[in-house]
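Got the viewer open? Let's take a walk through this one together, selecting a few things at each stop and looking at what turns up.

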Amino acid sequence: PRARAAAAATDPSDIETQALRGLTRTPKCLPPALFYDDRGSVLFDRITRLDAYYPTRAETAILRRRAPEIATHAGSGAVLVDYGAGSSVKTRLVLDALDRPAAWVPIDVSAGHLERAAAAIARDHPGLLVAPVVADFTAALDLPDAVTALPGPRLGFFPGSTIGNLAPEEAVAFLRRAACLLGRDGRLIVGVDLVKDEDRLIAAYDDPEGVTAAFNLNLLARLNREARADFDPTAFAHRVRWNAGLCRIEMHLESLTDQVVSVAGRPIRFRAGETIHTENSHKYTPETFARLARRAGWRSQACWTDAARDFSVHELVQ
Ligand code: AVI
């Protein structure tokens with residue numbers, strides 16, 4: 001399964017298939033995983049440093065303060081299963097607080113990204129077993145054999161509110177799989193963005209610098225390169241909506257004219273004003289997230305927030 005997940009992330013014909021599947025639907029959509037090519041990853045990194053994008057700063061502040069508690073609860077000799085292997089600052093906050101961690105298992109679809117992250121952590125933690133897994137963490141996955149043999153408690157770590165990019169049903173499925181992987185004594189630390197004032201939410205996804213717009217539009221440039229498409233990115237605009245009923249920010253790309261675009265040899269028609277739905281970012285209250293986690297067999301033992309109550313970090317136990 002690991003090899004398949006890695007291939008899925010890079011195989012051009014697979015990107016064509018994914019693009020066509022979404023663009024021949026009504027309404028049109030594209031999978032948000034396609035955002036993260038090299039350019040998309042650089043743009044996302046810039047997003048995390050924008051004034052308007054509060055989640056990264058708020059979550060880092062929470063983890064800085066709570067890492068000692070997280071470590072005490074996890075116990076000594078823990079295996080850290082890291083579902084957010086992109087965020088090395090947050091990983092280090094947890095890893096540095098743990099008492100003699102036995103292993104660190106970062107999980108990511110990008111082999112190159114994992115290699116770089118693994119090398120940096122291994123350098124600073126001699127003696128730690130570093131066991132990267134190239135996989136899509138939303139699919140079923142196994143821990144490496146060397147890790148399965150370790151007796152220590154397992155601590156899952158899923159920061160960034162990436163869980164908000166999943167539909168609630170998918171989030172429950174992910175949490176159930178994580179419960180199996182981490183075991184009865186396992187714990188899971190999850191970062192979850194909180195529901196708040198609509199204006200602030202919109203500003204976080206439609207920044208005045210236009211970085212999030214560039215991140216969204218980069219999808220079209222990627223399809224031009226990797227899915228034999230001929231999008232004119234200037235004929236589309238970045239749009240952000242708050243869907244109050246479903247409690248989520250939605251990102252779309254709106255066609256500014258009637259146009260026909262060729263994708264993988266197929267004509268795709270757009271009407272002026274029609275959109276491609278590119279991402280959902282669900283927001284929760286402490287209670288609505290605890291309820292979601294309960295459906296997957298987890299109990300929220302702690303829910304920490306930053307001083308402004310912008311963001312939350314849950315400590316889940318089974
Ligand atoms: C990765 N994920 C949690 C980000 C979010 O906030 O939903 C992705 C993002 N999209 C636009 N800005 C950031």
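**Stop 1: the ligand**

Select the ligand and asparagine 165: an N or O atom in that side chain is 2.9 Å from a nitrogen atom of the ligand. Keep in mind as you go that this is a predicted model. Now add glutamate 279, where a polar side-chain atom lies 2.7 Å from a ligand nitrogen. Then bring in tyrosine 53, which places a polar side-chain atom 2.5 Å from an oxygen atom of the ligand.

How much of the ligand does the protein bury? Taken alone, the ligand exposes 340 Å², and the protein buries 96% of that.

Next, show everything around the ligand. You should have 14 residues, and the closest are Tyr53, Asn165, Tyr205, Glu279 and Ser281. Colour this shell by residue type and you get seven nonpolar residues, six polar ones and one charged. To see which elements give two or more residues to the shell, highlight helix H3 (38–47), helix H10 (211–226) and strand S12 (275–282).

**Stop 2: a histidine with two partners**

Keep Tyr205 on screen, since it is among the closest residues to the ligand, and select histidine 238. The histidine 238 side chain reaches the backbone oxygen of tyrosine 205 at 2.9 Å. Now show asparagine 216 as well: its side chain and that of histidine 238 are joined by a polar contact of 3.0 Å. Histidine 238 itself lies in strand S8 (residues 236–243). Buried or exposed? Histidine 238 is buried, with a relative accessible area of 8%.

**Stop 3: the rings**

Time for the aromatics. The structure holds 16 aromatic pairs. Start with phenylalanine 35 and tyrosine 36: their ring centres are 6.2 Å apart and their planes meet at 85°, so this pair is edge-to-face. Turn on the surface and compare the two partners. Phenylalanine 35 counts as buried at 1% relative accessibility, while tyrosine 36, at 36%, counts as partly exposed.

Then go to phenylalanine 137 and phenylalanine 174. This pair is edge-to-face too, with 5.8 Å from centre to centre and 75° between the planes. What does the pair tie together? Phenylalanine 137 sits in the loop between strand S5 (133–134) and helix H7 (145–148), and phenylalanine 174 in helix H8 (residues 168–182), so the pair links parts that are 37 residues apart in sequence. Both phenylalanine 137 and phenylalanine 174 are buried.

Before moving on, select Phe35, Tyr36, Phe44 and Phe215 together: ring pairs link them into a cluster.

**Stop 4: charges over rings**

Select lysine 28 and phenylalanine 270. The charged end of lysine 28 sits over the phenylalanine 270 ring, 4.9 Å from its centre. For another example, pick arginine 200 and tyrosine 54: here the charged end of the arginine sits over the tyrosine ring, 5.0 Å from the ring centre.

**Stop 5: distances across the chain**

Select isoleucine 15, which is found in helix H2 (residues 12–23). Isoleucine 15 is buried, with a relative accessible area of 0%. Now add arginine 228: 213 residues separate it from isoleucine 15 in sequence, yet the C-alpha atoms are 9.9 Å apart in space.

For another pair, take histidine 314 in strand S14 (residues 311–317). Histidine 314 counts as buried at 1% relative accessibility. Measure from there to alanine 149, C-alpha to C-alpha: the two are 165 residues apart in sequence and 28 Å apart in space.

**Stop 6: backbone oddities**

Last stop, so look at the backbone. Most residues other than glycine have a negative phi, and most peptide bonds are trans.

Now select threonine 26 and proline 27: a cis peptide bond joins them, with omega about -10°. Proline 27 is found in the loop between H2 and strand S1 (28–29).

Jump to serine 161, where phi is near 60°, a positive value in a residue other than glycine. Serine 161 is in the loop between strand S6 (154–158) and H8, and counts as buried at 6% relative accessibility.

Finish at cysteine 247, which has a positive phi of about 55° although it is not a glycine. You'll find cysteine 247 in the loop between S8 and strand S9 (248–255). At 26% relative accessibility, cysteine 247 counts as partly exposed.

Conventions: Residues are numbered from 1 along each chain as its sequence is written. This is a predicted model: local features need pLDDT of at least 70, side-chain atom pairs count only at pLDDT 80 or more; totals for chains, interfaces and linings use all residues. Side-chain values use heavy atoms; hydrogens and water are left out. A residue is near a molecule or strand if one of its heavy atoms lies within 4 Å of it. A polar contact is a pair of N or O atoms within 3.5 Å; within protein, one must be able to donate a hydrogen and the other to accept it, and residues adjacent in sequence count only if both atoms are side-chain atoms. Accessible areas come from the Shrake-Rupley method with a 1.4 Å probe; for residues, only the protein chains shown count as cover. Helices (H or I, at least four residues) and strands (E, at least two) are DSSP runs, numbered from the N terminus. Ala, Val, Leu, Ile, Met, Phe, Trp, Tyr, Cys and Pro count as nonpolar, Asp, Glu, Lys and Arg as charged, and the others, Gly among them, as polar. Rings of Phe, Tyr and Trp (its six-membered ring) pair if their centres lie within 6.5 Å; planes under 30 degrees apart count as stacked, over 60 as edge-to-face and the rest as tilted. Buried means under 20% relative accessible area, exposed over 50%, partly exposed in between (1.4 Å probe, protein chains only). A charge sits over a ring if NZ of Lys or CZ of Arg is within 6 Å of the ring centre and within 35 degrees of the ring normal.
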